[in-house]
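Biologist: Please take me through one part of this model closely, a buried charge and its partner. Then work outward from there to the other places that bear on it.

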Amino acid sequence: MADSLPTEFDVIIIGTGLPESILAAACSRSGQRVLHVDSRSYYGGNWASFTFSGLLSWLKECEQDSEAGDNSTAAWQNLIQDTEEAIALRGKDDTIQHVEVFCYASEDTGDSAEEIDALQKNPSLVASSTLTKPLDPACLSEETHSDSTSPEMPAKDTPQHDGEILPEVTNREETEVKEKDCGEKTCIHTVSDGAEDENKPVVEDNVGQPKRNRITYSQIVKEGRRFNIDLVSKLLYSQGSLIDLLIKSNVSRYAEFKNVTRILAFREGKVEQVPCSRADVFNSKELTMVEKRMLMKFLTFCLDYEQHPGEYQDFTQRPFSEYLKTQKLTPNLRHFILHSIAMTEPSCLTVDGLKATKHFLQCLGRYGNTPFLFPLYGQGEIPQCFCRMCAVFGGIYCLRHRVQCLVVDKASGRCEAAIDHFGQRISAKYFIVEDSYLCEDTCAGVQYEQISRAVLITDQSVLKADSDQQISMLTVPPAEPGARAVRVAELCSSTMTCMKDTYLVHLTCPSASTAREDLEPVVQKLFTPYAEAETDEGDPPKPRLLWALYFNMRDSSGVSRSSYHGLPSNVYVCSGPDCGLGNEHAVKLAETLFQQIFPGEDFCPPPPNPEDIIFDGDDKQPEAPGTNTLIVAKLESSEGSQNLDGPGQHLQN
């Protein structure tokens, strides 16, 4: 592949995270020649989504990156001329730290026993900084390296890569096929904290309680292709900048979305549903009639709070929580507003809290009764959608393609070329690099924040409802002053992110320590480990925790360009995922960089209507649809797009 790469481009983009992918689409759409490369074997970087076996493979790569050295400079140093100098790029990814994995589910007798032996013998086996024995190669299913990305792109507009087989990220088509012929499976084997008879059948005698399906670890591995596990947990505000960009650019045709069905609150040890719409407020059984009127009055005020500055001018520099106490709101309502509607910290300033509340309310009703959307098959779909748009307009893609260094002309101080791992020199006018690729010398003065993440597989929802297909958003307030709230997103199987009869739960908060230390107290409040749940006689029982992953992820969103050392003026840096719930930072960053590079150009304009495309010769009529170039074939209008009332619909205005 490298031998056939052109030697000159307008823009070289290194990394396929969300900001880089948006920039690639914008540059390609504006007519620039774009080369988009990534040393990883999958799209998305830290924004990616993986199947279960693909996630285990990713964890092994994290372990190898932490152990590997970075001593490849000698290979390209002789390619640098006397009038040039080089900026080395990092060869390994160190943005993931403190990885800890726990398996609580029991193992089926005779099924893949060797595959999970390391995890099953000791469910609490932990690797403090990177993953070690719990994920030996035997843990990976046979399908680990079978597919590349999801959705499978049509042949003509699939981003090109170097031809190697890629670790499994997602596979929408095969997931749908397997969904059809998978019946309900109830396993009757359990684990009893390492006892010798852990695989003996257990007879259930709890007649009074509804029967709960038993999910084993071997079943999770076997059905692993039905999981699509996000590295970063995000939701899309229905009136947010990413939704607007998806619709404006028509990239939304490449993805499907579901509305988050409910907003939850955690108060006094219980999970409750938060009423969002007017109908929800007056139908709520959690609020008294007086509280309902109080809440509606306050929310109505928040919608146009700017018109009444006298109501809050004395609190502009004081916490939002203090302002709420002056509004004749009950403690129950203050909790709902602060943690589940505004979704702010108690120390948040009043104006910021009112602004967040207004944004929440403005997002209601566009696609459903909550402000949020979730992309089917996971957050990792979104970067791929923009990569697809870039490829449609001529962008070239290379995965598993490492750029070793950037070449800078000493006289002008501008970056002129990049040298890849094949030693090929590729020239460009502009270079966009994801933060994790910059070397230690360049980042010597950078102070990074960290994000604490947990991914859980459970057998029930944190709040039972008539339907088991609920997508829930929960904020757990800090247990003590100075701590940070924990954001919990619970996904059901209809989001195509987990297998039937399970839930995929994401926990996120800014790091104060390791991810496990930050998040495990919340996990213990909401869930019961599988083995302990077998003897738990509590009523009602908590959801059983089957599998858990904790890790810390670097947050480079707050780093300014001036913090990096020695970057040429035509080299631009994109940050990784931030800790926020939405994607506003990534979209704003991409648009800001695009305007700096190409001032005056339209950012991701709508694609041309095929009927309006003028072909060579003004006197010629356009050919019939289906007989033209790639643009006509791939950019036809998506007629029949519907609102998000049903499962997995496309976006529209």
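Modeller: Start with D10. In this predicted model, D10 is buried, because its relative accessible area is 7% and the cut-off for buried is under 20%. Its carboxylate has a partner: D10 forms a salt bridge with K429, and the closest N and O atoms are 3.5 Å apart. The two ends come from distant parts of the chain, 419 residues apart. D10 sits in the segment before strand 1 (11-14). K429 sits in the loop between strand 15 (425-427) and strand 16 (430-434). The lysine is partly exposed, because its relative accessibility is 46% and that class runs between 20% and 50%. This bridge therefore joins a buried aspartate to a partly exposed lysine.

The pair is also part of a wider set. E8, D10, R33 and K429 are linked in a network of salt bridges. The structure as a whole holds 22 salt bridges.

Strand 15 brings in another pair. R425 lies in strand 15 and E84 in strand 4 (84-88), 341 residues apart. Their side chains meet in a salt bridge, N to O 2.4 Å. Burial is again split between the ends. E84 counts as buried, because its relative accessibility is 6%. R425 counts as partly exposed, because its relative accessible area is 28%.

Now a pair with both ends inside. R40 and D93 form a salt bridge, with N to O at 3.2 Å. R40 is in the loop between strand 2 (34-38) and strand 3 (49-50). D93 is in the loop between strand 4 and strand 5 (96-103), so the bridge ties together parts that are 53 residues apart in sequence. Both R40 and D93 are buried.

What does a buried charge look like without a bridge? E291 gives a case: it is buried yet has no salt bridge. The nearest side chain of opposite charge is R267, 7.1 Å away. A salt bridge requires the nitrogen within 4 Å of the carboxyl oxygen. E291 lies in helix 9 (residues 289-303). Setting aside residues up to four places away in sequence, E291 touches E286, T330, N332 and L333.

Stay on helix 9 for a moment. The axes of helix 9 and helix 12 (residues 350-363) come within 8 Å and cross at roughly 95°. The two helices are therefore roughly perpendicular to each other. From helix 9, the residues that meet helix 12 are F298, L299, F301, C302 and L303. Helix 12 answers with L354, T357, K358, L361 and Q362. By class, the residues of this contact divide into seven nonpolar, two polar and one charged.

Back to the loops around strand 16. T442 is in the loop between strand 16 and strand 17 (449-458). T442 is buried, because its relative accessible area is 4%. Beyond its neighbours within four places in sequence, T442 is in contact with I87, S563, Y564, H565 and L567.

Next, a buried tryptophan. W547 belongs to strand 22 (residues 544-555). W547 is buried, with a relative accessible area of 0%. Its contacts, leaving out residues up to four places away, include F52, L55, L56, V101, F102, C103, Y104 and Y217. V455, L456 and I457 are also among the residues W547 touches. Take Y104: W547 and Y104 are 443 residues apart in sequence, but 5.6 Å apart in space, C-alpha to C-alpha.

Helix 7 (residues 241-249) shows burial along a helix. L242, I243, L245, L246, I247 and S249 are buried there. These buried residues pack against three helices and three strands that are named here in chain order: helix 1 (18-29), strand 7 (236-237), strand 8 (257-259), strand 11 (372-375), helix 13 (381-392) and helix 16 (584-597). N250 follows helix 7 and has a positive phi, near 65°.

Last, the frame around these sites. The chain has 17 helices and 23 strands. Of its 653 residues, 57% count as buried. Among contacts with a separation of 6 or more, residues 24 or more positions apart account for 74%. The D10 to K429 bridge, 419 residues apart, is one link between distant parts of the chain.

How values were computed: Residues are numbered from 1 along each chain as its sequence is written. This is a predicted model: local features need pLDDT of at least 70, side-chain atom pairs count only at pLDDT 80 or more; totals for chains, interfaces and linings use all residues. Side-chain values use heavy atoms; hydrogens and water are left out. Helices (H or I, at least four residues) and strands (E, at least two) are DSSP runs, numbered from the N terminus. Buried means under 20% relative accessible area, exposed over 50%, partly exposed in between (1.4 Å probe, protein chains only). Lys and Arg count as positive and Asp and Glu as negative; His and the chain ends are not counted. Contact means heavy atoms within 4.5 Å. Axes are lines fitted to C-alpha atoms, for helices over the stretch in contact, and angles run from 0 to 180 degrees between N-to-C directions. Angles under 35 degrees count as roughly parallel, over 145 as roughly antiparallel, 65 to 115 as roughly perpendicular and the rest as oblique. Ala, Val, Leu, Ile, Met, Phe, Trp, Tyr, Cys and Pro count as nonpolar, Asp, Glu, Lys and Arg as charged, and the others, Gly among them, as polar.
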